[in-house]
Amino acid sequence: RRKLRSEVAAAFPTLSTEQLAELVPNKEELNVIKIHSHKGEAITVYMNHRNPILFEVEKVLYPTVYTLWVYPDLLPAFSTWPPVLQKLAGGADLMLPGVVVPPSGLPPVQRGTLCAVTLLGNRAPVAVGVATMSTEEMLAAGMKGKGFAVLHTHLDHLWEYGDKSSPPTLAPLVTDSAAKERAGDEEELQGREPGSSCCPEPEQHVDIRDLSLKDRDTCAELLGKEELPENRAAEPAERASTEDQQEAEDSRTPQEQMDALFNQCFFHALKCKVKKSDLPLLTSTFLGSHMVSCCPAGKQLDIKKSSYKKFSKFLQCMQHQRILEVKELSKGVESIVDVDWKHPDIKAFEVPEGFSSASAAQDSKSEDREQVYHAPEIIPLYGVSTKMIPLFQESGHRKGSILSSSEVRNIIINYIKSNELVDETNKNFVKVNAILCDCLLDKSEQDEISHLKWDELLSRCLERLQPLHQVTFPGQEPVVRKGNIEPIDISIAQRSSNKKVTIIKNLELYGLDPQCVANTLQQKVQASATISPSPGAKDRVQVQIQGNQIHHLAKMLLEEYQLPRKYIQGLEKAPKLGRKK
């Protein structure tokens, strides 16, 4: 222990004697574990209170995130955006474009310096890495390239050796220049009580959703200006407060304002709109139905204008904070499966003026959520198969390359023209060379066909490529799946006493919530509807409703949801008008 304490003191000279004694105690149990990384490196891990506190690689000591949460200023810290954490935990290094440059500038470090990585708005480190260049070199490179080789992060396997706790919420330190400016403002203001805090609330609770350091300084100055002398009238003070708040809001960048709007609508929706009975809830439904309805008048949610860029990354960030849990119940379709309504952030959220918690919940209950449904964009794609490689390798494509129909068409046209295969006597025909013969003709046709029409050539090519399709749900990144998309399948089944039921499958593939469809259909036709697992399809459910309800289904899917008819199968089974079934 004495040797370890001396090594820690040499590696981290800023630690005091008391802090060393806390980190490496004399009497408490201290365990040593030998592990190997995926690269085969031998690593020594020191455990205290069931948490890894230090790890040693090639005789160099490094602190874990558990230690840095107790001593957050042990290493020079660089901030990054919250969505970057998932990439770091997955094994990526921190690139300079992801580093946030504060108004006070970056900490001065040299190449090879051990540094901590924090998330914007929270001083608690979430990663440990080694700087690959000095601060001067970073700035000279225009903040481009690799900045830090990451060794250990929150959420990695080393973190899992401990109690798996989340980072604490630590307010960022105010810079010296900002402190001097604030001190100057305090001297100019009269009637101020000595030692009073300018902005106590943000100092008490700050997390990654709060304002940046620059915004907090503006907030502190704003509240300082609001402390007017007692001889001022109340009405002018309120007017000044409103104007200052507008100025503070305007001082934020559009991206920061959109981040704040997303957080407001997110917590508003969880607190007032979503109930436990609604889970699992499609993320697209949560965004389009619940969060949009919580957006203040005159404002609009646009994930592209936020720092997250994708709604899935926004939800991942919230999942890291243990607010909710998101799972992919079917491929490419994410759902919210659990919400921690006891989370402090949900409890602390106050419904904005103009909304009431009771009315919001009532509106959610009576709201027709399908009105805000937006059909996904479905694009057919094609993958280069083994047999078609000779035809596409000239354009630089390999097996498995994914192409759209227009790209396939252009590649074929360029191939025909570059190889001079257009028939000179009739330009509507293409001469079949050896490659076209092998790729597009069956064995029985190879001796018979020497020319093909343009349209037949292209159709044969598309038929022999691997079918794929891309689905893009509103607010989510595109998902590419193999094969052609399965249509919404509507069928009629016979039950006891000659009763018929309508069964609807594959709603999830189109971003539709089966429970929501069942509820809406049940209200429209006044018949009982149930949800049950779909046979032969893992993690999918089917809707079953009494009677032949295809007429109502067709109107709802085609007119209200505006789904293309080609993606709906079984509409021809609707009962004929004028006949009783």
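Let's start at a turn: in this predicted model, strands β18 and β19 make a hairpin with six residues between them. One residue in that turn, G475, has a positive phi of about 80 degrees. The two strands, β18 (residues 466–472) and β19, run antiparallel to each other and share four bridges. If you want a spot to look at, find V471, whose bridge partner in β19 is V479.

Stay on β19 for a moment, since its side chains are worth a look. In a regular strand the side chains alternate between the two faces of the sheet. Which residues of β19 (residues 479–482) point to the buried face? They are V479 and R481, while V480 and K482 point to the other face and are not buried.

There's another hairpin to compare by eye, made by β1 and β2, with five residues between the strands. Here G40 is the residue with a positive phi, near 90 degrees. Strand β1 covers residues 30–36 and β2 covers residues 42–48, and they pair in the antiparallel sense over seven bridges. Across from H36 you'll find A42 in β2.

**Salt bridges**

Side chains of opposite charge can pair when their charged atoms come close. The count of salt bridges here is 11, and the table shows three of them.

| Pair | Closest N to O distance |
|---|---|
| K146 and D93 | 3.1 Å |
| R464 and D442 | 3.2 Å |
| E325 and K327 | 3.8 Å |

Take K146 and D93 to begin with. This salt bridge links distant parts of the chain, with the two residues 53 residues apart. K146 belongs to strand β10 (residues 146–153), and D93 sits in the loop between α4 (84–89) and β6 (94–95). Are these two buried or exposed? Neither, quite: K146 is partly exposed because its relative accessible area is 38%, and D93 is also partly exposed, at 26%.

For E325 and K327, the relative accessible areas put both in the middle range too. E325 counts as partly exposed at 30%, and K327 is partly exposed at 44%.

Then there's R464 with D442, another pair that links distant parts of the chain, 22 residues apart. R464 is in helix α19 (residues 454–464), whereas D442 lies in the loop between α18 (434–440) and β17 (451–453). D442 is partly exposed, with a relative accessible area of 38%. This pair isn't on its own, either: D442, E463 and R464 are linked in a network of salt bridges.

**Inside the nonpolar cores**

Now for the interior. The largest nonpolar core has 32 residues, and those with the most contacts inside it are I488, I490, Y510, L512, L557 and L563. Which elements give two or more residues to this core? They are two strands, β20 (488–494) and β23 (541–546), along with two helices, α20 (514–525) and α21 (550–560). Of these, α21 gives the most, with five residues.

A good place to explore this core is L557. Setting aside its neighbours within four places in sequence, L557 is in contact with I488, I490, L512, Q562, L563 and I568.

This core has company as well. A second, separate core has 31 residues, among them L287, V326, I336 and V339.

Methods
Residues are numbered from 1 along each chain as its sequence is written. This is a predicted model: local features need pLDDT of at least 70, side-chain atom pairs count only at pLDDT 80 or more; totals for chains, interfaces and linings use all residues. Side-chain values use heavy atoms; hydrogens and water are left out. A nonpolar core is a set of buried Ala, Val, Leu, Ile, Met, Phe, Trp, Tyr and Cys residues joined through side-chain atoms within 4.5 Å. Buried means under 20% relative accessible area, exposed over 50%, partly exposed in between (1.4 Å probe, protein chains only). Contact means heavy atoms within 4.5 Å. Two strands pair if DSSP finds at least two bridges between them. A salt bridge is a side-chain nitrogen of Lys or Arg within 4 Å of a carboxyl oxygen of Asp or Glu.
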